[in-house]
Amino acid sequence: MNDVLITEYRKFAADHYHSLPGFCEPRHGHNWELEASVRIDNVSLRPEYKNKSEFSNKSRLHDGCKRALSAVKQTSQAQINLSSTLDTWVAIMDRSLLNEQNILAGRNPTAEVLAECLFQFLETSGLCPVIVRIKEKSHYWAICMKC
Ligand SMILES: [Zn+2]
């Protein structure tokens with residue numbers, strides 16, 4: 001059994017502004033990008049046989065194939081869940097003024113805050129996020145990860 005990470009990527013466009021003491025920028029937009037990786041626990045990626053006789057035994061071979069099929073279903077379902085959760089989050093954020101997003105609860109919507117927000121969104125959706133990266137500019141990514 002192994003733990004597996006699956007990762008998806010999305011783009012969205014949104015505006016924000018900053019009006020904190022010492023950190024003021026007027027409203028402007030970004031073409032944001034994100035990558036989110038979630039962990040799937042205890043995936044058996046290949047049939048496990050104790051010896052050659054088990055491999056040649058048809059019923060044991062069938063068990064191995066069933067385990068391999070189960071792993072494919074497990075990772076496929078996790079990918080579907082990650083995909084739909086990211087689509088939901090992006091639909092909330094896309095073409096919006098991030099400062100007005102309820103999901104950000106009045107926080108200053110920096111890339112770091114967005115990364116943390118998405119990480120928590122994945123957790124509350126029942127996924128097991130490991131790392132979330134939000135790209136604000138070509139040279140700048142903010143990362144939120146489980147340590
Ligand atoms: Zn900005």
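Helices (H or I, at least four residues) and strands (E, at least two) are DSSP runs, numbered from the N terminus. This is a predicted model, in which local features need pLDDT of at least 70, side-chain atom pairs count only at pLDDT 80 or more, and totals for chains, interfaces and linings use all residues. Residues are numbered from 1 along each chain as its sequence is written.

**Figure 1. The whole chain, with three helices and five strands.** Along the sequence, the elements run β-β-α-α-β-α-β-β. The radius of gyration, taken over C-alpha atoms, is 21 Å. The globule rule (2.2 Å times the number of residues to the power 0.38) gives 15 Å for 147 residues, so the chain is more spread out than a compact globule. Along the principal axes, the C-alpha atoms fill a box of roughly 70 × 25 × 25 Å.

**Figure 2. Burial and contacts in the chain.** A residue is buried if 20 or more other C-beta atoms lie within 10 Å of its own, exposed if 12 or fewer, and partly exposed in between; the C-beta atoms are placed from the backbone. Buried residues are 19% of the 147 in the chain. Two residues are in contact if their C-beta atoms, placed from the backbone, lie within 7 Å. Of the contacts with a separation of 6 or more, 62% join residues 24 or more positions apart.

**Figure 3. Asn42, a residue of strand 2 (residues 23-43).** Asn42 is not a glycine, yet its phi is positive, at about 55°. Asn42 counts as exposed because it has 10 C-beta neighbours inside 10 Å.

**Figure 4. Arg95, in the loop between helix 2 (58-93) and strand 3 (96-97).** Arg95 also is not a glycine, and its phi is positive, at about 60°. With 10 other C-beta atoms within 10 Å, Arg95 is exposed.

**Figure 5. The largest nonpolar core, with 22 residues.** A nonpolar core is a set of buried Ala, Val, Leu, Ile, Met, Phe, Trp, Tyr and Cys residues joined through C-beta atoms within 7 Å. Ala36, Ala115, Leu118, Val132 and Ile134 touch the most other members. Two or more residues come from each of strand 1 (2-20), strand 2, helix 2, helix 3 (111-124) and strand 4 (129-137). Helix 3 gives the most, with seven residues. In soluble globular proteins, nonpolar side chains tend to be buried together.

**Figure 6. Ala115 and the residues it touches.** Leaving out residues up to four places away in sequence, Ala115 touches Val132, Arg133 and Ile134. Ala142, Ile143 and Cys144 are also touched by Ala115.
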